[in-house]
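Work through the exercises below with the sequence and the 3D structure open. Try each task before reading its solution.

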Amino acid sequence: MNKLIVGNLKMNILSQTERERYLNSLQKELVGKKINNCEIILCPPFVHLEGFRKAKIKKIILGAQNMFWETKGSFTGEVSPTMLKDFGCEYVILGHSERRRYFCERDEEINLKIISALKNNLKPILCVGESKQEKEDNQTLSVISQQVKSALEKVSRTKAENLVIAYEPIWSVGTDEVPKENEIMEARVLIFKILIGLFGVKYAEKVKIIYGGSVSAFTVKQVCLDLGMDGVLVGRESLTPYEFIKIIKIISEK
Ligand code: PGA
């Protein structure tokens, strides 16, 4: 199975000039690099999707950072899955902890988005994970379990192969703190068990389970490769093409 390397550019790249600079530097970093066994997905802010698509950088697949569940209509400020498809997106990040926290996204809404994304042939990257407080209260596994189960309610197992789940502990996002290997393993095993319960083993095995939170060239071995995770979700380090490509090279050379 190809490993997924997802770059979440968040609300960065503030101008078209900055975008061009980013894309040029990414292109330069990719020259002469053999990249095997990975899918690289970049998720820029909506306004840059067209610019990223036009750059046609080989090996780069486009994703979005969010979407609404309806396809059209009077929903001021929202972006439709149909639009994302038309702008070349193959993936969409859903339920990121920053959306849950700052925009009050709830599990039921994330579920509607997952169903809609799949229906519209977008591959959702569902983010789940506990806060620092929940970790201290030994709630990690129950939080993950609740988030995964609610997000996947009424999702058909025939869609399993298009589903990605990112275990992304909130306390690890942007902090340089990463979980211990056994903590990631426990989360992974739990998610897989839930998937088996929902879809059966054959389909559960098709879902990719990746890790996110302070992924860098220094941590990628510990949080992904050593544990046989299916890939990584990278925030900060995806903003510097040199660092992002370094992570990709490490994964691809494994
Ligand atoms: P980080 O962010 O890599 O900067 O920790 C990851 C994310 O929020 O997706």
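The exercises concern a predicted model and deal with its ligand, its pockets and two loop residues.

**Exercise 1. Find which residues surround the ligand, and sort them by class.**

Step 1. Select the residues with a heavy atom within 4 Å of the ligand. There are 13 residues in this shell, and the closest are Lys 10, His 96, Gly 174, Ser 214 and Gly 235.

Step 2. Sort the shell by class. It holds 3 nonpolar, 7 polar and 3 charged residues.

**Exercise 2. Determine what polar atoms of Lys 10, Ser 214 and Gly 235 lie by oxygen atoms of the ligand, and how much of the ligand the protein covers.**

Step 1. Take the side chain of Lys 10. One of its polar atoms is 2.7 Å from a ligand oxygen atom. This pair counts as a polar contact because the cut-off is 3.5 Å.

Step 2. Turn to the backbone. A polar backbone atom of Ser 214 lies 2.8 Å from an oxygen atom of the ligand. For Gly 235, a backbone N or O atom is likewise 2.8 Å from a ligand oxygen atom.

Step 3. Look at the cover. On its own the ligand has 280 Å² of accessible area, and the protein covers 98% of this.

**Exercise 3. Describe the largest pocket by volume and lining.**

Step 1. The volume of the largest pocket is about 560 Å³.

Step 2. The lining consists of 24 residues; Lys 10, Met 11, Gln 65, Arg 99 and Phe 103 are the closest to the pocket centre.

Step 3. Helix α4, residues 97–102, gives the most to this lining, with 3 residues.

Step 4. By class, the lining of the largest pocket has 13 nonpolar, 7 polar and 4 charged residues.

**Exercise 4. Decide in which pocket the ligand sits, and describe that pocket.**

Step 1. The ligand sits in the second largest pocket.

Step 2. This second largest pocket has a volume of about 160 Å³. Its lining is made of 14 residues, and the closest to its centre are Lys 10, Val 173, Gly 174, Gly 235 and Arg 236.

Step 3. The lining of the second largest pocket divides into 4 nonpolar, 6 polar and 4 charged residues.

**Exercise 5. Find where Asn 37 and Lys 154 lie, and state the sign of phi for each.**

Step 1. Asn 37 is in the loop between α1 (16–30) and β2 (38–43). Its phi is positive, about 55°, although Asn 37 is not a glycine.

Step 2. Lys 154 is in the loop between α7 (140–151) and β6 (164–167). Lys 154 is not a glycine either, yet its phi is positive, about 60°.

Notes: Residues numbered from 1 in each chain as written. Predicted model: local features only at pLDDT ≥ 70, side-chain atom pairs only at ≥ 80, totals over all residues. Heavy atoms only, no water. Polar contact = N/O pair within 3.5 Å; in protein donor to acceptor, adjacent residues only side chain to side chain. Areas by Shrake-Rupley, 256 points an atom, 1.4 Å probe, with all protein chains shown as cover. 1 Å grid on protein atoms, 1.4 Å probe; cavity = no way out; pocket = protein on both sides within 12 Å on 5 of 7 lines; lining within 4 Å. Sits in = over half its atoms within 2 Å of the grid points. Nonpolar A, V, L, I, M, F, W, Y, C, P; charged D, E, K, R; others polar. Points joined across faces, edges and corners; volume = space filled by probe spheres on them. Helix = DSSP H or I, 4+ residues; strand = E, 2+ residues; numbered from the N terminus.
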